[in-house]
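Subject: The structure to look at

Hi there,

Here is the structure for you to open on your side. Have a look around first, and then read on for what turned up in it.

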Amino acid sequence: MENNFNSGFITIIGRPNVGKSTFMNHVIGQKIAIMSDKPQTTRNTIQGVYTDKDAQIVFIDTPGIHKPKHKLGDFMVKVAENTLNEVDAVLFMINAEEGYGKGDQYILDLLQRVHNPVFLIINKIDKVHPDQLLPLIDEYKDKYAFKEIIPISALEGNNVDHLIQVIKQYLPEGPKYYPDDQVTDHPERFIISELIREKALQLTREEIPHSVAVVIENIEERANSGSVFIQATIVTERKSQKGIIIGKQGSMLKEIGKLARKDIEALLGTKIFLELWVKVEKDWRNRPSHLHEYGFRN
Ligand code: GDP
Ligand code: MG
Ligand code: K
């Protein structure tokens with residue numbers, strides 16, 4: 001019999017701190033890559049890719065609904081809704097210990113407009129007694145017609161493999177969108193650089209070609225304040241491009257930094273300080289030793 005390959009797109013949503021990143025990191029292991037070029041056009045999405053011998057799962061982040069308390073613009077809500085309707089399944093993650101909360105209602109309302117299969121993922125089961133799960137499941141069952149309800153511990157890895165197997169059943173036959181070997185040890189580092197690059201490209205429109213690269217020089221957690229300090233350099237090929245990126249009295253660079261910081265804060269879930277530099281490095285694209293450093297792999 002022919003061995004079919006399945007592939008598709010999954011998004012994980014849920015209140016802050018329910019364990020979405022922990023889950024992604026667990027699934028990442030050595031198998032995940034964070035990609036810069038997205039087959040989907042939705043802004044600000046981040047992908048992690050899980051590949052095994054018979055399937056590929058592309059995880060898409062939906063930043064617009066990570067912070068339900070935050071008053072979101074119509075645009076972000078629309079982006080979130082569109083993403084949810086583009087994927088093959090949505091994982092709605094909750095914290096077993098906390099149960100139902102206000103932030104969930106916001107997401108459940110949004111899910112009412114979603115036509116794709118939605119799974120309820122009850123995370124942190126390592127922190128509750130098994131008897132607590134059933135009432136929780138009953139409560140959520142009444143609120144939405146979940147296709148699957150799967151308890152896991154993202155931290156300890158309990159039932160995560162099972163969840164992957166279930167997700168695979170929802171994927172259509174499809175291609176391997178990404179090669180197996182695109183792995184990065186520092187996904188957040190790469191995502192941060194991509195977010196900065198994205199802002200630079202968006203704000204300068206046609207003036208700056210896609211040849212700009214962003215190098216993260218330093219990421220430092222400041223234990224006392226709980227914030228993260230990030231230094232990054234935007235690398236351009238020409239002096240004229242450097243001028244455009246910096247803008248009049250630094251106004252463009254300031255704007256790039258402001259927008260990138262917002263997204264990075266949403267990504268990391270913490271306050272950050274972003275320091276941006278710009279430098280010119282002629283023909284950096286043609287020097288293979290630099291490609292790895294800048295996060296490009298072909
Ligand atoms: P996110 O905001 O949804 O991405 O949540 P994070 O992945 O950052 O997790 C928030 C906190 O919950 C972190 O301290 C994690 O270590 C913890 N956490 C995540 N998953 C689990 C789990 O399955 N069990 C336990 N005990 N803690 C978890
Ligand atoms: Mg997170
Ligand atoms: K990306």
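Let me start with one residue, F92. Setting aside neighbours within four places in sequence, F92 is in contact with I13, G14, I107, L111, V118, F119, L120 and I121. Please keep in mind that this is a predicted model, so each contact here is one within that prediction.

**The core around F92**

F92 belongs to the largest nonpolar core, which has 39 residues; I10, I57, V90, L91, F92, M93 and I121 are the members that touch the most others. The biggest contribution to this core comes from strand β4 (residues 89–95), which supplies six residues. There is also a second, separate core of 21 residues, with I191, L195, I264 and V278 among them.

**The strands β1, β4 and β5**

Why can β4 be called largely enclosed by the rest of the structure? Seven of its seven residues are buried, so the strand is covered along its length. A89, L91, M93 and N95 point one way from β4, V90, F92 and I94 point the other way, and all of them are buried. That fits a general pattern: in a regular strand the side chains alternate between the two faces of the sheet.

Strand β5 (residues 118–123) gives a similar picture, as six of its six residues are buried. From β5, V118, L120 and I122 point one way, while F119, I121 and N123 point the other.

β4 and β5 pair in the parallel sense, over six bridges. If you want to find the pairing on screen, F92 has L120 as its bridge partner in β5, and N95 has N123. β4 is also joined to strand β1 (residues 6–13) by four bridges, again running parallel. There, T11 stands opposite V90 of β4.

**After β5: K124 and L133**

K124 lies in the loop between β5 and α4. Is K124 buried or exposed? K124 counts as buried because 23 other C-beta atoms lie within 10 Å. The backbone here may catch your eye too: phi of K124 is near 65°, a positive value in a residue other than glycine. As background, most residues other than glycine have a negative phi.

A second residue of this kind is N159, with phi near 70°. N159 is found in the loop between β6 and α5 (160–169). With 18 other C-beta atoms within 10 Å, N159 is partly exposed.

L133 is found in helix α4 (residues 133–141). L133 is partly exposed, because 15 other C-beta atoms lie within 10 Å, under the 20 needed to count as buried. Leaving out neighbours within four places in sequence, L133 is in contact with A96, I122, I125, V128 and P151. A96 is 37 residues away from L133 in sequence, yet the two are 7.2 Å apart in space, C-alpha to C-alpha.

**Around the ligand**

Which residues are closest to ligand 1? They are G19, K20, S21, T22 and L155, out of 16 that surround the ligand. Helix α1 (residues 20–28) gives the largest share of this shell, with three residues. By class, the shell has four nonpolar, eight polar and four charged residues.

**The chain as a whole**

The protein chain has nine helices and nine strands. Of its 298 residues, 34% are buried. Among contacts with a separation of 6 or more, 71% are between residues 24 or more positions apart.

**How far to trust it**

The average pLDDT of the protein chain is 79, and 76% of the residues score at least 70. Confidence is highest in strand β6 (residues 148–151), at a mean of 98, and lowest in helix α9 (residues 288–293), at 45. Two stretches call for some care. Over residues 30–45 the pLDDT is below 50, although the model has 40 contacts for this stretch beyond near neighbours in sequence. Residues 67–72 also stay under 50, with nine contacts beyond four places in sequence. Where pLDDT is low, the predicted coordinates should not be read in detail. For the complex, the predictor gives an ipTM of 0.96 and a pTM of 0.62.

Happy browsing, and do write back with any questions.

Best wishes

Notes
Residues numbered from 1 in each chain as written. Chains lettered and ligands numbered in written order. Predicted model: local features only at pLDDT ≥ 70, side-chain atom pairs only at ≥ 80, totals over all residues. Near = placed C-beta within 6 Å. Helix = DSSP H or I, 4+ residues; strand = E, 2+ residues; numbered from the N terminus. Nonpolar A, V, L, I, M, F, W, Y, C, P; charged D, E, K, R; others polar. Buried ≥ 20, exposed ≤ 12 C-beta atoms within 10 Å, placed from the backbone. Contact = placed C-beta atoms within 7 Å. Core = buried A, V, L, I, M, F, W, Y, C linked by C-beta atoms within 7 Å. pLDDT = per-residue confidence, 0-100. Pairing = 2+ DSSP bridges.
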